[in-house]
Amino acid sequence: MSKLWVLLIILTFGLTLVSAARAQTGENVDVAAGINHHEFDQVLKKYVNEQGLVNYGTWKQSAADLSALDNYLKQFAAKIDNPAQASEKAASLANAYNAFVLRWIVSNYPTESIWQLKDSFSGKRNEIGGRKVSLDDIEHGTLRALIGYRTHAVLVCAARSCPPLQRFAYTAEKFDDQDDTAYRAWLAREDLNKFLPNEKKVEISSIFKWFKQDFDNAGDLPNILGRYAPKSVREFAASGNYQTKYLPYDWGLNDQGSHGRHYSRAQLFFDNIFK
């Protein structure tokens, strides 16, 4: 067997491990009721474009807008007297996840990928409710148990293959509609999900494979795709009468600038082995 084939086998195995690492468990996280999301909404509108890419470089240069993000996150830190419930908890924790990711990237910018940074998902560095929690605690320990498959359109882990980061903060009153909006925006992106009726084939995000059980618990995957796919292919998506292919995940940074555009699968492997 040639050295090239050995390298390809190692690379494929390594990338499988990377994917599996995203299917972790975590601890439950409670969050206080009454958090004000206005400041976060304002900075999202300022630094996120219609494609969900972030202007990290300009944001890092603005002391005022970094302070706005920090002030927003400080609301989560205090011990909890009155915990949020249901949609308020979901909205606040979705915002917290995205805001912590954004702060983590801005603090370490420039970088080519969140995987180049140490313990991005498992590190307990984020203060919520008087203790430090990880991104995995928010996603796997809390939101997936609370809202199931709806988790996966609203959390954005700074990668180009993530569902597009929306230009608004989630709120308790609008969360269900906002989640629907996020799903439709995600499935409408032909670079992230493709519906090919003439070929009886769909090519969709690997998220649908990694968290298959979450979608099965809501019925099945065609049911979800049919609910949120573009109107022109909605009936086809709901039929399930097609071959399903899962697209390779691009972990390059979701930067409006050049960073992350050429982040390779080989680099992802080496970042996880040697970081």
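Helix axes are lines fitted to C-alpha atoms over the stretch in contact, and angles run from 0 to 180 degrees between N-to-C directions. By that description, helix α4 (residues 63–77) and helix α5 (residues 86–108) pack at about 140 degrees with axes 10 Å apart. That makes α4 oblique to α5 (not under 35, over 145 or from 65 to 115 degrees). This is a predicted model: local features need pLDDT of at least 70, side-chain atom pairs count only at pLDDT 80 or more, and totals for chains, interfaces and linings use all residues. Residues are numbered from 1 along each chain as its sequence is written, and side-chain values use heavy atoms, leaving out hydrogens and water.

**Packing of α4 and α5**
- Residues in contact have heavy atoms within 4.5 Å; Leu-66, Leu-69, Asp-70, Tyr-72, Leu-73 and Phe-76 of α4 meet residues of α5 including Ser-92, Asn-95, Phe-100 and Arg-103.
- By class, this contact of α4 with α5 has 9 nonpolar, 2 polar and 2 charged residues.

**Nonpolar core**
- The largest nonpolar core (buried Ala, Val, Leu, Ile, Met, Phe, Trp, Tyr and Cys residues joined through side-chain atoms within 4.5 Å) has 83 residues, and Ile-128 and Trp-251 have the most contacts inside it.
- Helix α5 gives the largest share of this core, 13 residues.

**Asn-98**
- Asn-98 lies in helix α5 and counts as buried (under 20% relative accessible area, 1.4 Å probe, protein chains only) because its relative accessibility is 3%.
- Apart from neighbours within four places in sequence, Asn-98 contacts Phe-40, Val-154, Leu-155, Val-156, Leu-165 and Tyr-170.

Technical notes: Helix = DSSP H or I, 4+ residues; strand = E, 2+ residues; numbered from the N terminus. Nonpolar A, V, L, I, M, F, W, Y, C, P; charged D, E, K, R; others polar. Buried < 20%, exposed > 50% of the residue type's maximum accessible area, 1.4 Å probe, protein only.
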